[in-house]
Amino acid sequence: MHKTTSGEKRKALRKEALELATQARAAMKAASVLPQAGPKARELQEEADRLRAEAEALKDRARLEDLSIWTMEKVKSSKKGSRTYYYWMATWREGSRTRNVHLGSCARMDAEAALQKARAMKAEALGIKI
């Protein structure tokens, strides 16, 4: 997977949740000696669970953001001469396969519209609700 903002945020949340879970385990061990460590351990574990759930919720968004848009140049030649046409294309992974999708003419839509269309098509292909 390529680096995306949601993916990086997800990675940071998972790392923080792991650190909190480690601290919670240490506090639980200390709870046998210090009784006041028990509530702190439960609090740390609840926060770690919350962060882990938030990171899992970002998984689909990160997958939708991992998308490449590019222009394809098509040259058509005839008796009168050749003409060059430009089309928006999108590329993403579906399992182990790469999928290339034609989005439309560069003359009829800009890059932002092509990106929105590609995200909608990828969400539909992967079964992700936007």
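Confidence in this predicted model averages a pLDDT of 90 over the protein chain, and 99% of the residues score at least 70. Among the elements of the protein chain, helix α2 (residues 37–65) has the lowest confidence, with a mean of 88. The highest value, 95, belongs to strand β3 (residues 97–105).

Helix α1 (residues 5–31) packs with α2, the two axes lying 7 Å apart and forming an angle of about 160°. Angles over 145 degrees count as roughly antiparallel, and α1 and α2 are therefore assigned to that class. The crossing of α1 past α2 is left-handed. Residues of the contact of α1 with α2 comprise 17 that are nonpolar, 6 that are polar and 11 that are charged.

One residue of helix α1, R10, has a relative accessibility of 17%. The limit for a buried residue is under 20%, so R10 counts as buried despite bearing a side chain of the charged class. The side chain of R10 reaches a backbone atom, the oxygen of A55, at 3.1 Å.

Strand β2 (residues 81–94) contains T91. With a relative accessibility of 17%, T91 is also classed as buried, because the value falls under the 20% limit. Two polar contacts of the T91 side chain were computed. In one of them, the side chain of T91 is joined to that of W70 at 2.7 Å. In the other, the partner is the side chain of N100, at 2.8 Å. The side chain of T91 thus has polar contacts with the side chains of both W70 and N100.

R83 is likewise found in strand β2. The relative accessibility of R83 is 55%, and R83 counts as exposed because this value is over the 50% limit. Strand β2 accordingly holds both a buried residue, T91, and an exposed one, R83. In sequence, R83 is separated from E16 by 67 residues. The C-alpha atoms of R83 and E16 are 55 Å apart in space.

Definitions and conventions
Residues numbered from 1 in each chain as written. Predicted model: local features only at pLDDT ≥ 70, side-chain atom pairs only at ≥ 80, totals over all residues. Heavy atoms only, no water. pLDDT = per-residue confidence, 0-100. Helix = DSSP H or I, 4+ residues; strand = E, 2+ residues; numbered from the N terminus. Axes fitted to C-alpha atoms, helices over the stretch in contact; angles between N-to-C directions. Parallel < 35°, antiparallel > 145°, perpendicular 65-115°, else oblique. Left-handed = near helix turned anticlockwise from the far one by under 90°. Buried < 20%, exposed > 50% of the residue type's maximum accessible area, 1.4 Å probe, protein only. Polar contact = N/O pair within 3.5 Å; in protein donor to acceptor, adjacent residues only side chain to side chain.
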